[in-house]
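Biologist: Please take me through this model and set each term against its criterion.

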Amino acid sequence: MLKRERLMRIQEMIAEKGIVTASEIINALGVSDMTVRRDLDELEKNGKLIRIHGGAQSLDYNIDYELSHLQKATVKVEEKLAIAKAAVDRVGEHETIFLGPGTTIEMMAQLLKERNVRVITPSLAAFEALKEKQDDQILLVGGSYRSNTKAFCGPLANQVIASMKFNKAFISCNGIADNSITTSSMEEGELQKIACNNAKTVYLLADDHKFNREDFYVYYSLHNIDEVITDDQVSEDTLDHYRQFTSITVAPSRDQADEIREGNKADQPELTEQASRAK
């Protein structure tokens, strides 16, 4: 591949994904690590991209607007499910937990239906998933409603959360950049910050798209998080970098895909038998 073609392909990848790691470029183009580094340095010098740790990002990748709740719910579904399942494994019987806003945490709520835990949440979607629990096991915190996250926030919600203590808090974000955890709403950020400060253990649920990106409001520091749970699409370079700040667990989303496929097979025994006879 000629250099001109290679540079154009790199720009196309970054324009499509927003952030691309050096490893992804190496695998896609079949070139050496040194070649990729030189190409990225040249493109940055020419004002075509921004170099970041382990790769590069497009010039306009920093979040300019927040996706709608529906848009968020349709992105990285398999990876979010893997993260949610790993998060549920951290919940013990009879614990009091805080569930923040976020579509990954909503998946987590779905998985907590049969668990004997008390849940405090500002998320209407999480509450809807858990509303059949006993009256003293689910509490929805009220306040100003945000449709983009289907969650309540603001002074009233802050006042309620400030008076509570949690065994564990599970929070989300829109971006993680070095030691900064960011979101688009100051009010939601402050609410999650209060919950984190009142919890014995804090977990951040973040899919691979959240790393190396920033949003408007920094609401917490990564080194104050006990554990980040992410998916297996995060590059090793990125994991190495962010493990300077906290512990990171990778949830294997590919296992979830295998599990779904096995479940589909189990649901269709007659079809499988018919197929065998046809052979």
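Biologist: What volume does the second largest pocket have?

Modeller: The second largest pocket has a volume of about 300 Å³, where volume is the space filled by probe spheres set on grid points joined across faces, edges and corners. The model is predicted, with local features requiring pLDDT of at least 70, side-chain atom pairs pLDDT 80 or more, and totals for chains, interfaces and linings using all residues. Residues are numbered from 1 along each chain as its sequence is written, and side-chain values use heavy atoms, leaving out hydrogens and water.

Biologist: Which residues are the closest to the centre of the second largest pocket?

Modeller: Thr21, Glu24, Asp208, Gln233 and Ser235 are the closest to its centre, out of 16 lining residues. A pocket is an open set of points on a 1 Å grid over the protein atoms alone where a 1.4 Å probe fits, with protein on both sides within 12 Å along at least five of seven lines; a lining residue has an atom within 4 Å of a point.

Biologist: Which strand gives the most to the lining of the second largest pocket, and how do its residues divide by class?

Modeller: Strand 1 gives the most, with three residues, and strand 1 and helix 2 each supply at least two. The lining divides into five nonpolar, seven polar and four charged residues; Ala, Val, Leu, Ile, Met, Phe, Trp, Tyr, Cys and Pro count as nonpolar, Asp, Glu, Lys and Arg as charged, and the others, Gly among them, as polar.

Biologist: What is the strand order of the open sheet that contains strand 1?

Modeller: The order is 1-3-2, with antiparallel pairing. Strands (E, at least two residues) and helices (H or I, at least four) are DSSP runs numbered from the N terminus.

Biologist: What makes strand 1 (19-21) and strand 2 (50-52) edge strands?

Modeller: Each of them pairs on one side only. The twist averages 25° from one strand to the next.

Biologist: How do you know that strand 1 and strand 3 pair?

Modeller: Pairing requires at least two bridges found by DSSP, and strand 1 and strand 3 (residues 55-57) have three, in the antiparallel sense. Within this pair, Ile19 stands opposite Gln57 in strand 3. Helix 1 (residues 3-17) packs on the sheet, touching strand 1 and strand 3, and its direction makes about 130° with that of strand 1. Helix 2 (residues 22-29) also touches strand 1 and strand 3, at about 70° to strand 1. Contact means heavy atoms within 4.5 Å.

Biologist: Why does one side of strand 10 and of strand 13 lack a neighbour in the sheet?

Modeller: The three strands form an open antiparallel sheet in the order 10-11-13. Strand 10 and strand 13 stand at its edges with a single partner strand each, so one side of each has no neighbour in the sheet. Strand 10 (residues 175-177) and strand 11 (residues 180-183) form three bridges, whereas strand 11 and strand 13 (residues 217-221) form four. A hairpin joins strand 10 and strand 11 with two residues between them, and Asp178 in the turn has a positive phi of about 55°.

Biologist: Why is helix 8 called roughly parallel to helix 9?

Modeller: The axes of helix 8 (residues 155-162) and helix 9 come within 9 Å and cross at roughly 5°. Helix 8 is therefore roughly parallel to helix 9, as angles under 35 degrees count as roughly parallel, over 145 as roughly antiparallel, 65 to 115 as roughly perpendicular and the rest as oblique. Axes are lines fitted to C-alpha atoms, for helices over the stretch in contact, and angles run from 0 to 180 degrees between N-to-C directions. Six nonpolar, one polar and two charged residues make up the contact of helix 8 with helix 9.
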